[in-house]
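Please walk through the structure below with attention to how its helices pack, where its charged side chains pair, and which backbone angles stand out.

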Amino acid sequence: MEPIPGTMRAVIAEGSGGPEVLKLVERPVPHPGEGEILVRVKAAGINRPDVIQRQGGYPPPPGASDILGLELAGEVVGSDPNANRFPAGARVMALVAGGAYADYAVVHESNALPIPDGLSFEEAGTIPETYFTVWTNVFERGGLKEGETLLVHGGTSGIGTTAIQLAKAFGAKVIATAGSPEKCEACLRLGADLAVNYRNEDFVAAVKEFTNGQGADVILDMVGGDYIPRNHEAAALDGRIVQIAFLKGAKVELDFRRLMLKRLTHTGSTLRSRSVPEKAAIAQGIETRVLPLLAEGRCKPVIDSTFALEDVAKAHARMDGGEHIGKIVLRL
């Protein structure tokens with residue numbers, strides 16, 4: 001194994017704004033703390049929270065690195081003496097609170113997962129943030145069951161492509177919304193039973209028609225704004241709406257009578273600020289229930305494009321453009 005240098009390349013945001021504020025800088029290689037492993041990063045996924053952080057709206061939680069990036073894949077090259085889950089040389093993918101856009105990163109061993117055989121580092125680098133998010137929100141909080149119907153907004157996003165595949169793998173029906181015929185077709189190829197072009201179709205009417213008037217049992221929403229009352233309308237009796245972001249705003253005027261009459265549950269969560277033990281519990285569920293699906297090829301990361309670390313601004317510009325299908329990944 002190659003020696004560990006004293007410094008590394010890393011990406012930070014100098015100020016807030018567009019992709020041009022992203023700068024490649026030199027930083028000391030971090031040292032693993034209690035229970036942590038040091039990973040030589042081979043790939044790092046790009047996520048919407050990275051963009052919001054770059055724009056100045058999502059600062060790192062206390063104690064987290066100011067280096068961007070919430071998920072990574074790579075090789076273990078060192079560890080704290082009390083971290084013994086992964087030996088040196090192990091291929092891992094991990095969720096981090098920051099620090100993934102760098103040559104090296106530290107992560108608590110309980111927040112890392114082994115990379116299934118057959119997956120490349122680039123594929124593995126796009127898994128943790130989206131799979132942790134979908135698993136905890138759709139299946140743990142939303143309680144999606146076999147035979148139920150999931151409505152997922154943003155079907156061709158990293159979250160959307162993951163939600164479609166996982167829901168189908170566990171026997172649910174899936175309705176996805178997307179913004180073009182091409183994106184709707186991509187949702188159908190991934191297994192969605194119905195894809196709704198939100199630019200010229202009413203997703204509420206489409207959901208009602210598909211479910212014979214019953215509505216969706218679980219709705220995964222990152223849009224917010226005027227989608228919130230429409231989600232309540234599209235939900236089934238005892239439906240569960242899970243909020244994970246607010247691309248159209250977090251404030252809306254809402255008539256709560258539908259929530260009462262339908263016995264709805266409207267919940268939500270964030271992932272980045274959760275404690276190491278909380279993330280470890282999610283990781284455990286994924287390792288048991290989801291990694292076998294990835295190993296068998298029943299679920300597969302959808303990669304839109306790959307960029308070198310020094311082209312991180314181009315990668316973020318691709319994300320900002322909104323034309324991507326699946327995940328954008330940095331290759332180190």
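The paragraphs that follow take up helix packing, one buried helix face, a loop residue, salt bridges and backbone angles in turn. The model is a predicted one.

Start with helix α3, which spans residues 128-141, and helix α4, which spans residues 158-169. Their axes are 9 Å apart, and the two helices pack at an angle of about 55 degrees. An angle of that kind falls outside the ranges for parallel, antiparallel and perpendicular, and α3 and α4 are therefore oblique to each other. The crossing in which α3 passes α4 is right-handed. On the α3 side the contact is made by T130, Y131, T133, V134 and F139. On the α4 side the residues are G158, I159, T162, A163, L166 and A167.

Helix α3 also meets helix α9, which covers residues 276-289. Here the axes come within 10 Å and cross at roughly 85 degrees. Since the range from 65 to 115 degrees counts as roughly perpendicular, α3 and α9 are therefore described as roughly perpendicular to each other. From α3, the residues in this contact are Y131, F132, W135, T136 and E140. They meet K279, I282, A283, G285, I286 and R289 of α9. Y131 of α3 thus appears in the contact with α4 and again in the contact with α9.

Next is helix α7, residues 227-234. Which of its residues are buried? They are Y227, I228, N231, H232 and A234. Viewed down the axis of α7, these buried residues fall within an arc of 165 degrees, so they line one face of the helix. The spacing can be read against helix geometry: an α-helix has 3.6 residues a turn, so residues three or four places apart point the same way. The cover over the buried residues of α7 includes three strands named here by number, β8 (149-152), β11 (216-221) and β12 (235-243). It also includes the helices α6 (203-210) and α8 (257-261), together with strand β13 (265-268).

The loop between β12 and α8 holds I244. What does I244 touch, leaving aside its neighbours within four places in sequence? Its contacts are T133, N137, I159, L220, D221, M222 and S269. Of these, T133 is also listed for α3 in the contact between α3 and α4, and I159 is listed there for α4. A90 is 154 residues away from I244 along the chain, and the C-alpha atoms of the two are separated by 32 Å.

Charged pairs come next. Side chains of opposite charge can pair when their charged atoms come close. The model has 16 salt bridges by the rule applied. One of them joins R40 and D103, whose closest N and O atoms are 3.8 Å apart. R40 lies in strand β3 (residues 36-46) and D103 in the loop between β5 (91-95) and β6 (104-108), so the pair ties together parts that are 63 residues apart in sequence. Are these two residues buried or exposed? R40 is buried, with a relative accessible area of 18%, and D103 is buried too, at 8%. R40 and D103 also belong to a network of salt bridges that links them with R9 and E310.

Two other pairs have a different setting by accessibility. D304 and R318 form a salt bridge with an N to O distance of 2.9 Å. D304 is in strand β14 (residues 303-308) and R318 is in helix α11 (residues 312-321), so this pair ties together parts that are 14 residues apart in sequence. D304 is partly exposed at 23% relative accessible area, and R318 is partly exposed at 30%. In the pair E296 and R298, the closest N and O atoms are 3.9 Å apart. E296 counts as exposed at 54% relative accessibility, while R298 counts as partly exposed at 48%.

Backbone angles close the tour. Most residues other than glycine have a negative phi. N212, in the loop between α6 and β11, has a positive phi near 55 degrees. N212 is exposed, with 70% relative accessibility. R263 is not a glycine either, and its phi is positive at about 55 degrees. R263 is found in the loop between α8 and β13 and counts as partly exposed at 46% relative accessibility.

Definitions and conventions. Residues are numbered from 1 along each chain as its sequence is written. This is a predicted model: local features need pLDDT of at least 70, side-chain atom pairs count only at pLDDT 80 or more; totals for chains, interfaces and linings use all residues. Side-chain values use heavy atoms; hydrogens and water are left out. Buried means under 20% relative accessible area, exposed over 50%, partly exposed in between (1.4 Å probe, protein chains only). Helices (H or I, at least four residues) and strands (E, at least two) are DSSP runs, numbered from the N terminus. The arc is that of the directions from the helix axis to the C-beta atoms. Contact means heavy atoms within 4.5 Å. A salt bridge is a side-chain nitrogen of Lys or Arg within 4 Å of a carboxyl oxygen of Asp or Glu. Axes are lines fitted to C-alpha atoms, for helices over the stretch in contact, and angles run from 0 to 180 degrees between N-to-C directions. Angles under 35 degrees count as roughly parallel, over 145 as roughly antiparallel, 65 to 115 as roughly perpendicular and the rest as oblique. A crossing is left-handed if the near helix is turned anticlockwise from the far one by less than a right angle, and right-handed if clockwise.
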